Amino acid sequence: MFEQVITLIDEVNNQDPNQEQHNDNVWPKERLYSERMTDMLNRFQPDADELMHIAVRAQHIKRWCSPRSDFPMNKQGYHQWRSALYIFHAETVVALMQQAGCSEALQQRVYNAVAKKHIKRNPDSQLVEDIASLVFIEHYMLAFAQTKPDYDEQKWIGILQRTWQKMSPQAHEFVLAGNVTLPAPLVPLIEKALAPS
């Protein structure tokens, strides 16, 4: 059943029309993201159970169907988009779990984790948030920085500090122990953002 759900998630993410180059291969963007999420989960919490593997794999499932441009292009619109995405991804993966015959209890646990319910209090939700933050730092932070040339140092320090605050103490330790590849051009900025005030 677990393998069936993972296969269904991958089949959906393989439909992503957006492409990304990685190691001489062209990937559907969200399929590559899901592989990176699984890789990071295996590194950060190798004993995670199958439901957390499903939740992490589905973190961005079918994201291209809910673009940022569908919401107002302001701060409030951004937060509306993020909140809608959590529910969209959670409902999408639960439908696949139903298809595979998973029980309602299993579906509910994955739904809560992907929808980021009770983050900081629900260990499942916090784990998905940790993995997403670690993947962002290692694989996407530099590219994101390159799309925002108008952001000054203080703006970047704020973004880095907010990302750090979302993460658990265990995720902090994981980064500080050198288990994540930091984007070299941003290391001085990261160090400044994380320095004790």
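**Salt bridges, surface charge and overall form of a predicted model**

Let me open with one residue: arginine 43 has a relative accessible area of 30%, so this residue is partly exposed. In this talk, buried means under 20% relative accessible area, exposed means over 50%, and partly exposed lies in between, with a 1.4 Å probe and protein chains only.

What you see is a predicted model, in which local features need pLDDT of at least 70 and side-chain atom pairs count only at pLDDT 80 or more, while totals for chains, interfaces and linings use all residues. Residues are numbered from 1 along each chain as its sequence is written, and side-chain values use heavy atoms, with hydrogens and water left out.

I return to arginine 43. Its salt-bridge partner is glutamate 138, and the closest N and O atoms are 2.9 Å apart. Arginine 43 belongs to helix H2 (residues 29-44) and glutamate 138 to helix H6 (residues 123-146), so this pair ties together parts that are 95 residues apart in sequence. Glutamate 138, with a relative accessible area of 17%, is buried. For the criteria, a salt bridge is a side-chain nitrogen of Lys or Arg within 4 Å of a carboxyl oxygen of Asp or Glu. Helices are DSSP runs (H or I, at least four residues), as are strands (E, at least two), and both are numbered from the N terminus.

How many salt bridges does a search of the whole structure find? The search returns 11. In general terms, side chains of opposite charge can pair when their charged atoms come close.

A second example joins arginine 109 and aspartate 49, whose side chains meet at 2.8 Å, N to O. Here arginine 109 lies in helix H5 (residues 104-114) and aspartate 49 in the loop between H2 and H3, so parts that are 60 residues apart in sequence are tied together. Arginine 109 is partly exposed, at a relative accessible area of 27%, and aspartate 49 is partly exposed as well, at 32%.

A third salt bridge brings together the side chains of lysine 116 and glutamate 129, at 3.2 Å, N to O. This pair links distant parts of the chain, with lysine 116 in the loop between H5 and H6, glutamate 129 in helix H6, and their positions 13 residues apart. Are lysine 116 and glutamate 129 buried or exposed? Both are buried.

Salt bridges also form a network, which links Asp10, Arg31, Glu35 and Arg57.

I turn now to the surface. Lys75, Lys155, Arg162 and Lys166 form a positive patch. Patches are made of residues with over 30% relative accessible area and no salt bridge; like charges are joined within 9 Å, and nonpolar side chains (Val, Leu, Ile, Met, Phe, Trp, Tyr) within 5 Å. Lys and Arg count as positive and Asp and Glu as negative, while His and the chain ends are not counted. Each charge is placed at NZ of Lys, CZ of Arg, CG of Asp or CD of Glu. Accessible areas come from the Shrake-Rupley method with a 1.4 Å probe, and for residues only the protein chains shown count as cover.

Which helix gives the most to the positive patch? It is helix H7 (residues 153-166), with 3 residues. Lysine 155 is found in helix H7 and is partly exposed, with a relative accessible area of 41%.

Next, the backbone. Most residues other than glycine have a negative phi. Asparagine 23, although not a glycine, has a positive phi of about 50 degrees. This asparagine sits in the loop between strand E1 (19-22) and strand E2 (25-28), and counts as exposed at 59% relative accessibility. Aspartate 24, in the loop between E1 and E2, also has a positive phi, near 65 degrees. At 73% relative accessibility, aspartate 24 counts as exposed.

Finally, the overall form. The protein has 9 helices and 2 strands, in the sequence pattern α-β-β-α-α-α-α-α-α-α-α. Its radius of gyration is 17 Å, close to the 16 Å that the globule rule gives for 197 residues, so the protein is as compact as a globular protein of that length. That radius is taken over C-alpha atoms, and the globule rule is 2.2 Å times the number of residues to the power 0.38. Along the principal axes, the C-alpha atoms fill a box of roughly 50 × 40 × 35 Å. Buried residues make up 48% of the 197 residues.
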